[in-house]
Amino acid sequence: MVLAVQIERNGGPEEMKLVQVQVGAPGKGEVRVRHHAIGLNFIDVYQRSGLYQLPLPLQLGMEGAGVVEAVGEGVDHLKEGDRVAYATNPPGSYSEVRVMPATFVCKLPDAISFETGAAMMLKGMTAQYLLKKAKPVEGLNPGDHVLFHAAAGGVGLIACQWARALGLRLIATAGSEEKCQLALANGADVAINYRTEDFSKRVHEITGGEGVKVVYDSVGKDTWEGSLQCLRRFGLMVSFGNASGPVPPFAPAALAPKSLYVTRQTLFAHLSSRQACQAMADDLFGVVASGEVKIHIEQRFALADVQEAHRALEARKTTGSSILLP
């Protein structure tokens, strides 16, 4: 028996309970992983609250790092004793040990710690597909302006650094002066406190009235209208989260004056095969190992304190990445 966090019904952080569960041997195509660190992400909040509906009871958590304890039949890219990290469905990383599909479990380079691995897989591969794959129709070139909301969060701080490495001029938004300074220290070209400034007006001032080629938005409802105003002609609105609530229905005609594009992205659509996952992970491992991107773990919580961790995340009191320690 091992400890795991489960919910029996959707709701607030108080619905998460630490319980004992039975973990058996891995089946065909599976591995058993003993976690050394566990990632904390906003998608966990969406699944706990019921915004993203999943069958109940549910063991939460999409990201973790640890050691392979056992390997099932048909798994040829991992072996017992391998250091690994992952970000994948189905949920279940909020646990000491789990059995899971091996397809999207990647070997963790020795130069990267378990804590860093657990803090970066979901966020880092999200930043990777955003900057490398979710591109406007006219492409992205060094010197181009992009707008990134919630830039002091886990995904945001990675994106600030990676964008700088790619030569992009990233305009960051955040909800406090301290968070703005953090984004600037990690490579943002300009940072806007959206609580004290009209970010769309400021973006047009920064870009000489032209607007940005792309907006990366995980905030959702609160930033949607302003984000569309920030885009230049043929610009791309990339929605990849709903921290402030889902975007309400809108008329496509609203996009017509500047012929804008809108896309709703998820990491798991990009993880279409083991090869695709490994390529994205290798890209991430490379920029982290090179020092171009540093993973900032600003909050650590014991697994037993998971309710406190979710409250801090929902209140936007966190910066960088947060992890749970089993």
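**Salt bridges in a predicted model**

Arg83 and Asp110 are joined by a salt bridge whose closest N and O atoms lie 4.0 Å apart. The model is predicted.

**Exercise 1.** State which parts of the chain the pair Arg83 and Asp110 ties together, and how many residues apart they are in sequence.

*Solution.* Step 1: place Arg83, which belongs to strand S6 (residues 83-87). Step 2: place Asp110, which sits in the loop between strand S8 (105-107) and helix H2 (114-132). Step 3: the pair therefore ties together parts that are 27 residues apart in sequence.

**Exercise 2.** Decide whether Asp110 is buried or exposed.

*Solution.* Step 1: the relative accessible area of Asp110 is 70%. Step 2: exposed means over 50%, so Asp110 is exposed.

**Exercise 3.** Give the N to O distance for Arg9 and Glu15, then classify Arg9 and Glu15 by accessibility.

*Solution.* Step 1: the closest N and O atoms of the Arg9 and Glu15 salt bridge are 3.1 Å apart. Step 2: Arg9 has 55% relative accessibility, so Arg9 counts as exposed. Step 3: Glu15 has a relative accessible area of 13%; the limit for buried is under 20%, so Glu15 is buried.

**Exercise 4.** Find the partner of Asp222 in a salt bridge and classify Lys221 by accessibility.

*Solution.* Step 1: the side chain of Asp222 meets that of Lys221, at 3.0 Å from N to O. Step 2: Lys221 has a relative accessible area of 43%, so Lys221 is partly exposed.

**Exercise 5.** Name the residues joined into one network by salt bridges that share partners.

*Solution.* The network consists of Arg32, Arg34 and Glu69. The count for the model is 16 salt bridges.

Notes. Residues are numbered from 1 along each chain as its sequence is written. This is a predicted model: local features need pLDDT of at least 70, side-chain atom pairs count only at pLDDT 80 or more; totals for chains, interfaces and linings use all residues. Side-chain values use heavy atoms; hydrogens and water are left out. Buried means under 20% relative accessible area, exposed over 50%, partly exposed in between (1.4 Å probe, protein chains only). Helices (H or I, at least four residues) and strands (E, at least two) are DSSP runs, numbered from the N terminus.
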